[in-house]
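Dear colleague,

Here is the structure I said I would pass on. My notes on it follow below the files.

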Amino acid sequence: MPSDLTFDDPASDVMLDEAAQVRRSILPGGIRLVTQTDRSVRSATLGLWLPVGSRDERPEHAGSTHVLEHLLFKGTARRSAMDIATAFDEVGGDSNALTAKEHTLYYGRVRSADVPMAVDVLSDMITASRLEEQDLATEREVILEELAMAEDDPYDVGYETFLADVLGPHTPIGRPVGGRPETVRTLDIDQVRAHWREHYRPDNLLVTAVGDIDHEQLAELVQAGLRRGGWTLEDGVLPSRRVRAQHECAPSASGGSGPMEAVSISPHRLARPSEQNHIYLGGTGVTAVSEERHTLSVLMSILGGGMSSRLFQNVREQRGLAYSVYSFSAAYRDAGLFGLYAACRPSRTAQVVELMAAELTEMGRQGITEQELQRAKGQITGSFALGLEDTSSRMGRLGTIELVHGEYSSVDETLDKISRVGLEDVRALARRLSASFSTRVDVGPDQ
């Protein structure tokens, strides 16, 4: 099993994991196809990935990635919007799409007998969408309602503001995935079409599939579907690959050394009619390709990953200061962040902030116990294993491996890396993170 195979390797067809039946091929046009055959199920989940997200937009095209995702469901040369909607409904399947900061995904889950239909519909959408002005006018209003709904939710608005403040509100990666109302209103169909022409092409496409499928048959279906949509698939073309960052945005070593520095951070305050104050506190973390990502998973589990976590026990169970309290992280190719969240009555905000910051600081100073370490590893490995029982989760994992990591790692190899995280690894990372508190966002009533 070539687990050390990097995806820049020109090999066009290779079994990445014989035990798990994971196979990868480069099809004509530079299309990447990664599959996992599982005959124990009678269904399959299929994903069509484009390595383009909100961070890849030109300033004049801001919001176009998310808008384009919506428009691809509005009809093609061969199908109406209703045809697309009913294709999966009438066979009991489901289909959807999502736009992220670094990729766009169109996916469907169907019975294995309906895989040809799923491939045909999804490939038709990405190659031959009408992209008409009248559809943009209608869908623009839907997206504005979507943004308004998020703006009404103090949790959503707080999280998006926190991400923007940590990553940089004026940087591509710091912009909101859905765009802003003012940019969505001014976006025209020519800009959306230009975005589609630039990024939706064979050498940018990744297809992943897991379930009761045959790799060779799926390869033929994908090529036939894309050609029907008008794409030219030439032999010998290699996939287009993003240049992976040669550096990682590691936590800053400056910015404080204890909870009082975190408490003194002036909050980015957003007034909302709410009974609670929603608090986000954190700073820069580790990237999606950092080897420390496994240590961060263990740290986050111990700090605020469940009912046995330090934040839950100290803030909620022992003191009753909040109903919801936890830690979180987000990671991208060349940036990462960590955060602590709690929702409490406004009068308790100062105490909750101090307690949250103190928990991470104490972890950096005194470390963790062996019992906490083993409990966290059990939680992570158990959740990871249970999640992979689902074909959709495995399909998503294959896409992440290909687009983010660029190197295949088996489930056993991933679990082994988690098992090798030690007490000192967690303490050292906690010390660095506790010294990098930089951002606080409060969303709640006027005070």
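I start with one surface position and then work inward. The model is predicted, not experimental.

A77 sits in the loop that links α1 (64-71) to α2 (81-89). With a relative accessible area of 74%, A77 is exposed, because the cut-off for that class is over 50%. Leaving out neighbours within four places in sequence, A77 is in contact with A128 and R130. The C-alpha atoms of A77 and T127 are 9.9 Å apart, with the two positions 50 residues apart along the chain.

A128 is also the last residue of helix α3 (residues 115-128), and this helix gives the largest share, seven residues, of the largest nonpolar core. That core has 46 residues, and the ones with the most contacts inside it are L46, Y106, I126, Y200, L205 and L218. Y200 shows how distant parts of the sequence come together there: apart from residues up to four places away, Y200 touches L50, V52, L68, L72, T104, Y106, I126 and W231. Another core lies apart from this one; it has 38 residues, including V315, L321, I368 and V421.

Overall figures

The protein has 16 helices and 12 strands. Its radius of gyration is 23 Å, which agrees with a compact globule, because 447 residues would then give a value near 22 Å. Along the principal axes, the C-alpha atoms fill a box of roughly 60 × 50 × 40 Å. Of the 447 residues, 55% count as buried. Among contacts with a separation of 6 or more, 79% are between residues 24 or more positions apart. The accessible surface comes to about 19200 Å², and carbon and sulfur atoms account for 50% of it. There are 46 positive and 66 negative charges, and their mean positions are 3 Å apart.

Around the second core

V315, named above for the second core, is also one of the buried residues of helix α11 (residues 310-318); the others are R310, L311, F312 and N314. The buried residues of α11 pack against α10 (293-304), β10 (324-331), β11 (336-344), α12 (349-366) and α13 (370-387). Just after α11, G320 takes a positive phi of about 65°.

One of the contacts of L311 is M356, a residue of helix α12. M356 has 0% relative accessibility and therefore counts as buried. Besides L311, and leaving aside neighbours within four places in sequence, M356 is in contact with I279, V325, L340, Y341 and A342. M356 and D416 are 60 residues apart in sequence, and their C-alpha atoms are 31 Å apart in space.

S297 and V421 give a contrasting pair: they are 124 residues apart along the chain, while their C-alpha atoms are separated by 9.8 Å. S297 is found in helix α10, which is among the elements that the buried residues of α11 pack against. At a relative accessible area of 34%, S297 is partly exposed, since it falls between the 20% and 50% limits.

A buried acidic residue

E139 is placed in helix α4. Is E139 buried or exposed? Its relative accessibility is 9%, so E139 counts as buried. Not counting residues up to four places away in sequence, E139 touches H70, L71 and K74.

Backbone points to check by eye

Most residues other than glycine have a negative phi. Two residues here go the other way. Q21, in the loop between β1 (13-17) and β2 (22-27), has a phi near 60°. L131, in the loop between α3 and α4 (133-152), has a positive phi of about 50°. Their surroundings can be set side by side: Q21 counts as partly exposed because its relative accessibility is 34%, and L131 counts as buried because its value is 6%.

Regards

Terms used
Residues are numbered from 1 along each chain as its sequence is written. This is a predicted model: local features need pLDDT of at least 70, side-chain atom pairs count only at pLDDT 80 or more; totals for chains, interfaces and linings use all residues. Side-chain values use heavy atoms; hydrogens and water are left out. A nonpolar core is a set of buried Ala, Val, Leu, Ile, Met, Phe, Trp, Tyr and Cys residues joined through side-chain atoms within 4.5 Å. Buried means under 20% relative accessible area, exposed over 50%, partly exposed in between (1.4 Å probe, protein chains only). Helices (H or I, at least four residues) and strands (E, at least two) are DSSP runs, numbered from the N terminus. Contact means heavy atoms within 4.5 Å. The radius of gyration is taken over C-alpha atoms; the globule rule is 2.2 Å times the number of residues to the power 0.38. Accessible areas come from the Shrake-Rupley method with a 1.4 Å probe; for residues, only the protein chains shown count as cover. Lys and Arg count as positive and Asp and Glu as negative; His and the chain ends are not counted. The place of a charge is taken as NZ of Lys, CZ of Arg, CG of Asp or CD of Glu.
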